[in-house]
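Here is a short tour to read alongside the sequence and the fold. Please keep both open as you go.

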Amino acid sequence: MNPSLESERILIFDFGSQYAQLIARRVREQNVFCQIVRHDLPAKRVAELAPKGIIFSGGPSSVYEPNAPQCDPAIFELGIPVLGICYGMQLACQTLGGKVGRNHAREYGRADCRVLESTGLFENVDASTVVWMSHGDQVQAIEGDFLPLAETDTCPIAAVRHRTRPVYGLQFHPEVSHTPQGSIVLRNFLRNVCGCQGLWKMQTFIERSIEDLKTRVGTSRVICGLSGGVDSAVTAALLLRAIGHQVACIFVDNGLLREGESDLVRKTFRDWFRADLHVVDAKDRFLSALKGVTDPQQKRKIIGKVFIDVFKAEAQHIPDARFLAQGTLYPDVIESGGAADGPAATIKTHHNVGGLPKELGFELVEPLRDLFKDEVRRLGTELGLPESLVWRHPFPGPGLAVRCLGEITPEKLATLRHADVIFLDELERSGWYRRTAQAFAVLLPVQSVGVMGDGRTYEDTIALRAVQTDDFMTADWSRLPEDLLARASTRIINNVKGVNRVVYDISSKPPATIEWE
Ligand code: XMP
């Protein structure tokens, strides 16, 4: 293993913050490798992992609550730098003898922060800077060993450092974009306090992964399912770079894909990467299994089952296959702090290529499990994948089946595909494709009256959906410009046969979901 990557490891202790992942991303943006671990990771295990620094996240608790999450206090004896954020600061200060009190009102929102010590943690930060607060408790007195580094009008101790130990605390959140100079503060912690140089680079990651994959796989073959999405494409590209002809890619064309998707996969992997690509044309099999089915959950079940059958049958044609590659990403991996299994044990694995059951009998290879989505995109670009694949919006396993409401027929799918590609084209042309997290058309089995030329029409409706979201658990509808919507609507009605009305979905999630079924 290349020692240079993990030798700059930072551990992020998760005290239940909604921002733990965001802190991790900000650290990675400084080219420093980091992992999120449970808040109670024992000091002994921390010492084994030998991180350059530790960040305590915020959290919803108060340090005075009986069951408030604690850390192993022996961590402070290791001499490893610690940065506590919000709850993390309160816990660090309380453990080391500071006094934490409750505010009368929760402080939430922006505050003007005055820097009192402009070296170390606050080097290159303006003397007066805007920060984002979200807390109930705050450190009220710093008798003894803590020194204040910054203050706001309502929070006299907005940042601290310990006099003799490398322990720092921030009452505000440096990781959120509402703290404009937060990344400088984090960078200062990583560089000035922890001594990191920023060795986590994509090229180093690629070299390290290739070495690891070669060692793990030996001379066996690896099956990699392609879905048309970015995660499986990047997984395949990395495997192809590492072990070339030992990879067999399986792409199941279920007849429920977007316009041009199957061609893009073929062109990229067969023509460009010269991969051993097995395209299984299972369109008829899926469509006949879905005939007459209108219930969304039923559709999903059928598609999942047929997918497994088709994939399994194809996998049996690949001799010496011992491994199955999956595009599991870091956010899908929950860290566990048990000493026996270390901080990186998977307790939840996400299957992006439709849920493939364990009984298939393969060993799993997950080369992206340390990466965030934006890192996967960068990796894809470095590996030579086309932009259109790298920046593709996510697409559900059941595909257009959950966007073609009611019964699915080849005609309806053709109508939906046509409308969808027009909408996506308008988004691309206007630069809005990358500004939305997911966008698509939905075909509603609802006819309404229209006029075209001299005639009356009675045709289907297309709904357009575009959302902004970071995690897909909640989402807001995208405020697309009116003229973009107008162009999409006109083009769809003029060109897509059987559609005379276009509507735009302005529901957020919750209570609506992103998909319509
Ligand atoms: P919802 O509709 O639940 O979607 O708000 C959240 C995200 O999940 C995707 N999605 C699916 N992905 N199989 C998948 O692989 C599914 O059955 C499925 N249903 C929804 C959806 O596209 C969105 O990104």
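## Annotated active site

UniProt positions are given here in the numbering used for this structure, feature names are shortened, and annotations may be inferred rather than shown by experiment. The model is predicted, so local features need pLDDT of at least 70 and side-chain atom pairs count only at pLDDT 80 or more, while totals for chains, interfaces and linings use all residues. Residues are numbered from 1 along each chain as its sequence is written, and side-chain values use heavy atoms, with hydrogens and water left out.

Which residues does the UniProt annotation "active site" cover? According to that unreviewed entry, they are C86, H173 and E175. They span 90 residues in sequence, yet no two of their C-alpha atoms are more than 11.4 Å apart, so they gather at one spot.

## Around C86 and E175

Let us start with C86, found in the loop between β4 (82-85) and α4 (87-95). Helices (H or I, at least four residues) and strands (E, at least two) are DSSP runs, numbered from the N terminus. C86 has a relative accessible area of 4% and is therefore buried; the term means under 20% relative accessible area, with exposed meaning over 50% and partly exposed in between (1.4 Å probe, protein chains only). Leaving aside neighbours within four places in sequence, C86 is in contact (heavy atoms within 4.5 Å) with G58, S134, H135, L170, Q171 and H173. H173 in that list is itself covered by the "active site" annotation in the UniProt entry.

E175 sits in the loop between β9 (167-170) and α5 (182-193). Is E175 buried or exposed? E175 is buried, because its relative accessible area is 0%. Its contacts, again without neighbours within four places in sequence, are Y19, L22, I23, R26, I85 and L186.

## Helix α2 and its surroundings

Two of the residues touched by E175, I23 and R26, reappear among the buried residues of helix α2 (residues 20-29), which are A20, I23, A24, R26, V27 and R28. What do these buried residues pack against? Their partners are the strands β1 (10-14), β2 (34-38), β3 (53-56) and β4, together with the helices α5 and α11. Just after α2, N31 takes a positive phi of about 60 degrees.

Helix α5, one of those partners, is also the place of N188. N188 counts as buried because its relative accessibility is 5%. Leaving aside neighbours within four places in sequence, N188 is in contact with G120, L121, F122, E123, V125 and V193.

## The annotated binding site

A second UniProt annotation, "binding site" (also from an unreviewed entry), covers S227, G228, G229, V230, D231, S232 and A233. G229 lies in the loop between β10 (221-226) and α7, and counts as buried at 19% relative accessibility. A233 has its place in helix α7 and is buried as well, at 2% relative accessibility. Not counting residues up to four places away in sequence, A233 touches L226, F269, L385 and L389.

S220 is in the loop between α6 (202-217) and β10. At 12% relative accessibility, S220 counts as buried. Beyond residues up to four places away in sequence, S220 touches Q246, D320, R322 and F323.

## How α7 meets α11

The axes of helix α7 (residues 230-243) and helix α11 (residues 373-382) come within 9 Å and cross at roughly 45 degrees. That makes α7 oblique to α11. Axes are lines fitted to C-alpha atoms, for helices over the stretch in contact, and angles run from 0 to 180 degrees between N-to-C directions; under 35 degrees counts as roughly parallel, over 145 as roughly antiparallel, 65 to 115 as roughly perpendicular and the rest as oblique.

From α7, the contact is made by V230, D231, V234, L238 and R241, and from α11 by K373, V376, R377, L379, G380 and E382. V230 and D231 are also among the residues covered by the "binding site" annotation in the UniProt entry. By class, the contact of α7 with α11 has five nonpolar, one polar and five charged residues. Here Ala, Val, Leu, Ile, Met, Phe, Trp, Tyr, Cys and Pro count as nonpolar, Asp, Glu, Lys and Arg as charged, and the others, Gly among them, as polar.
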